[in-house]
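User: I'd like to learn how to read a model like this one, feature by feature. Could you walk me through it?

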Amino acid sequence: MALTKAEFGQGVRSALDDPQIRQNFRSAMDGLIRKRLSAFPDPDKLERLRLEAAEIRAKALSRLPDLLQQLEHNCTRNGIQVHWAETVEEANQIVLGIMQRHGATRMIKGKSMVSEEMGLNHFLEQHGIECLESDLGEFIIQLVGEAPSHIIAPAIHKNRFQVAEIFRDKFPDIPYTDDIEQLTRNAREILRRKFHDAPVGLSGVNFAVAETGTLCLVENEGNGRMCTTIPPVHIAVTGIEKVVERLSDVPPLLDILVGSATGQPITTYFNMISSPRRPGEQDGPEEVHLVLLDNGRSRIYQDEELIATLRCIRCGACMNHCPVYTRIGGHAYTSTIPGPIGSILEPQKKGLDQLGVLPTASTLCGACGAVCPVRIPIPQLLNRLRFEGVSKQSGKVPGAGSQRKRSEAAAWALWSWVHSHPALYRLATSMAGRLRGLLPNRIGAWTRVRTAPRLAARSLHQLMAREQKRS
Amino acid sequence: MSEKTREYPETPGRVYFFGTCLIDLFYPEAGLAGIELIRREGVEVVFPQGQTCCGQPAWNSGYRDQARQVARAQLDCFQDPLAVVVPSGSCAGMMRHHYPQLFQGDADQARAIELSGRVFELTEFLVQVLHIQLQDLGPPTRVALHTSCAARREMGVASDHLQLLQQLGNVELVEPERKEECCGFGGTFAIKHPDISAVMVHDKAAAIRDTGAEQLVSGDCGCLMNIHGHLQHQGAGLAAEHIASFLWERTHGAD
Amino acid sequence: MNQARERILKRLRKDQPGRLPDRPPRKNLSPPRSMADNIQRFRERLEAVRAEVHLCRTEDWAGILRQLMQQKTLGNLRYGDQGPLAGAIRMAWEGHDDAPRLISHDNDIGNWKDELFDRTEAAVTSARWGIAETGTLVLWPTPEEPRSLSLVPPVHFAVLDSASLHDSFAGLVEQEQWSSGMPSNALLISGPSKTADIEQTLAYGIHGPIEMIVLLIH
């Protein structure tokens, strides 16, 4: 279902009018901006790290098909079962198939944006399978049926009182508390049983190393390790673009990922999985599955400008620094991934006819591009998608041309005609100057919050022409 | 994408001045001031009457053919190998960083690249090429500087803005909190997403008022129109000027 | 499903972007740190995230472990009784009848999962390496010291020989030639578990251990 400009506007307004959302996001983003700055005190060193990370990702992408085959080969050799899915439907069916083969009706999940992309929880629930989120933020919003509003901190739009209310409502036996440490302990107690009992654990993948067939996971809480260690079956889902070539590529990426995302030197846990339980080992899953999801990535891959979108390592820095995201929050975007990266990735996956409004909801201030650890030129790609949105030619992007409006196209045609004919331009501007008293004081939405700009009596052209006449 | 290091030429005898359409229509005095600041250093300024707009509004809206048509007309105006000085981070950024892409594969690609190599934002030109020395003749005042996103990130001239204002002995220079955050203008963004733009300009205006400045100065007229328009709407008494106007007024005495 | 594989690879190979040249090998721009600096850095990083670090000697770490267990009034300690720490632990426990009970199992987790989750108060494991730059322990779990020991019990003791302390993760991967063979699970652990999912406020002790104590043998 297409997100119309009007619907987007409604979502925007409801966020802007909600003081809780405004405040929660403002203080959260300010904190994340500060933390990132303190993680990288040396600007020159930071630029070198960004360059290196960008090169690692670009290089891996340039060899993607070979690396995917190498990854598959090494994973398989190590006992990890590799599955390929072109669409989210296929991916969901693969996961369902694994669940059904084991007669499993419950799954415990670590944080995975790809599983959000798949709509996995909803799909499995329709087949009588319970999917429980174990990441604290995801757990909280699952209790109230909401989608994540940020890719690193899913419940960033909730303050502690809102969380306390949710816990009181859903767990009436637990005494009310809005103390964050106590809430955290309560979540620990609730979820420990689930880790213990779950027949299947699901995770995402931060980096998939082709050289050794290793799946790498980043986390602070320990729920990811729980999901990938205790249940007898572990299913990992990932987009195909997450492959890196070598093990030696991982430390610099980990470094800049964590610094950019949370400002930490490293996350509490970095979990590197290369096989199921080996003979003699007492614990660890007996089966490990890797689901490789395409869902439009191979199409994005083919455009030599837009391929940069696929470098993303999902740190969230772009949205943390975005003045628009900070004010409208994540839900207003309606896409799996919000913010600047979401505004270029999601319309490419779902089509500009569905999400073509997102690339326009930016001032192109460049804050995102300046902080992206892998130097994705987000403003440039936003501009490109605006072009694709209104272009008549059959573009490389689905839904190209769908944003073109005849009235707007006509306005730009007129504008360019006037501005490419200097004599016409000077005539129009001198007339505007003369008639400026007739300019209305109210000009649409501009003047709701600003005074109307005042045309000068004489343009610079006229003043310079007069000066030249005198000399 | 953005300017980190740039090699600057020696002082030229003669330069082009690209006024920008916003200055042309709404702040022509800023254009004159910019020209005077350059002339005062003994540099001749050429103002081709054929200039109109850099084409950015259409470029940012996705209408690249229309943007190119207008940009091509500018290529025709600035053909001599002279520096093109632009009193706007945004328009300078368009010509310097986006013209090459706009003309990719076009017959005028070489011309566009050549032009882009000699485009300078005004404060950058005054500091890095002309090395101007300013003598403050005005009374003590507190001034808030707003540096546009394009000036900061595309052209890398935030330090040049600061350097010029810091030369003025009677000016107490302040910058608002969250100075790096966008004011919400974004050209057509203010028209297409007015609600988001309104809260952004509201926050920016509040931060500027909180500095206690008597006056707002910026190198970009789009931002100026946006922020000053909001300040006026709110009845705040702050004056607002383009940095060129401010610098000229403070330093040219009664001549 | 194999159709999906073929179609995906085919699309990726069509009009493939040019292969980028090989990157020059990464130069480690920081000078190597001395052992003393590394120990200090390692300690600072861990203590900054509420881990405890105790400097010990080969002959006394196990006794210190026992004492810490008693100070923290922990009733039992899970360990790998066939593992590299076993001998020293048993020796340190000998003659101390009031010492916390030692638990170990030598079979599938199915037999001891309940005990692990519900009745294990602490566990101790060796750490194969450490990383000074980030205050990190590197565990390669083995049959003798299963992965869940450093995950499930609320208190985790880790024993690390300072001779195995490396400057950085990048250096460790290269010098120990990880690419020649990875274990089923390699773990980098940099403190007790934590979260900032509520109001971006740090709270320690969520799903992984609530407390982490490092016994650094020097």
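User: Let's start with strand pairing. How many bridges join β2 to β4 of chain A, and do they run parallel or antiparallel?

Analyst: The general idea is that strands of a sheet pair through backbone hydrogen bonds, in either a parallel or an antiparallel way. Keep in mind that we're looking at a predicted model. Here, β2(A), residues 106-109, and β4(A), residues 200-203, run parallel and are joined by three bridges. If you want a spot to zoom in on, take Met107(A): its bridge partner in β4(A) is Val200(A).

User: What is the strand order of the sheet they sit in?

Analyst: Reading across, you get β1-β10-β7-β4-β2-β3 of chain A, an open sheet of six strands with parallel pairing. To find the edges, look for strands that pair on one side only: those are β1(A), residues 80-85, and β3(A), residues 130-133. From one strand to the next, the twist averages 25°.

User: And which helix lies across β1 and β10 of chain A?

Analyst: For a helix over a sheet, read off which strands it crosses and at what angle. Helix α4(A), residues 64-78, lies across β1(A) and β10(A), and it runs at about 145° to β1(A).

User: Where does chain C pair with chain A through strands?

Analyst: Strand pairing can be read across chains too. Take β9(A), residues 269-273: five bridges join it to β9(C), and the two run antiparallel. One pair to look up is Tyr269(A), which stands opposite Ile189(C).

User: How many residues does each chain put into that contact?

Analyst: Count each side separately. Chain A gives 76 residues and chain C gives 59. On the chain C side, the elements with two or more residues are α1 (2-13), α5 (113-118), α6 (169-175), β9 (185-189) and β10 (194-195). α1(C) has the largest share, with eight residues. By class, that side of chain C splits into 25 nonpolar, 18 polar and 16 charged residues.

User: What about chain A against chain B? How many residues meet there?

Analyst: Same way of reading: 50 residues of chain A contact 50 of chain B. Several helices of chain A supply at least two residues each to the side facing chain B, among them α1 (5-16), α19 (378-390), α20 (406-419) and α21 (422-434). That side of chain A holds 28 nonpolar, 15 polar and seven charged residues.

User: Now inside chain B. Which domains does the assignment give?

Analyst: The domain assignment for chain B lists domain 1 (14-129) and domain 2 (141-251). Their centres, taken over C-alpha atoms, are 22 Å apart. The contact between them uses 29 residues of domain 1 and 23 residues of domain 2. On the domain 1 side, the elements giving two or more residues include α2 (28-39), α5 (89-102) and α7 (122-129) of chain B. By class, this side of domain 1 has 13 nonpolar, twelve polar and four charged residues.

User: One last feature: why is α13 of chain B called largely enclosed?

Analyst: For that, count the buried residues. α13(B), residues 243-251, is largely enclosed by the rest of the structure because eight of its nine residues are buried. The buried ones include Phe246(B), Leu247(B), Trp248(B) and Arg250(B). To see what surrounds them, look at α2, α7, α9 (158-166), β7 (215-218) and β8 (239-242) of chain B, which the buried residues pack against. Just past the helix, check the backbone at Gly253(B), where phi is positive at about 65°.

Key
Residues are numbered from 1 along each chain as its sequence is written. Chains are lettered from A and ligands numbered from 1 in the order in which they are written. This is a predicted model: local features need pLDDT of at least 70, side-chain atom pairs count only at pLDDT 80 or more; totals for chains, interfaces and linings use all residues. Two residues are in contact if their C-beta atoms, placed from the backbone, lie within 7 Å. Helices (H or I, at least four residues) and strands (E, at least two) are DSSP runs, numbered from the N terminus. Ala, Val, Leu, Ile, Met, Phe, Trp, Tyr, Cys and Pro count as nonpolar, Asp, Glu, Lys and Arg as charged, and the others, Gly among them, as polar. Two strands pair if DSSP finds at least two bridges between them. Domain bounds come from an automatic or database domain assignment. Axes are lines fitted to C-alpha atoms, for helices over the stretch in contact, and angles run from 0 to 180 degrees between N-to-C directions. A residue is buried if 20 or more other C-beta atoms lie within 10 Å of its own, exposed if 12 or fewer, and partly exposed in between; C-beta atoms are placed from the backbone.
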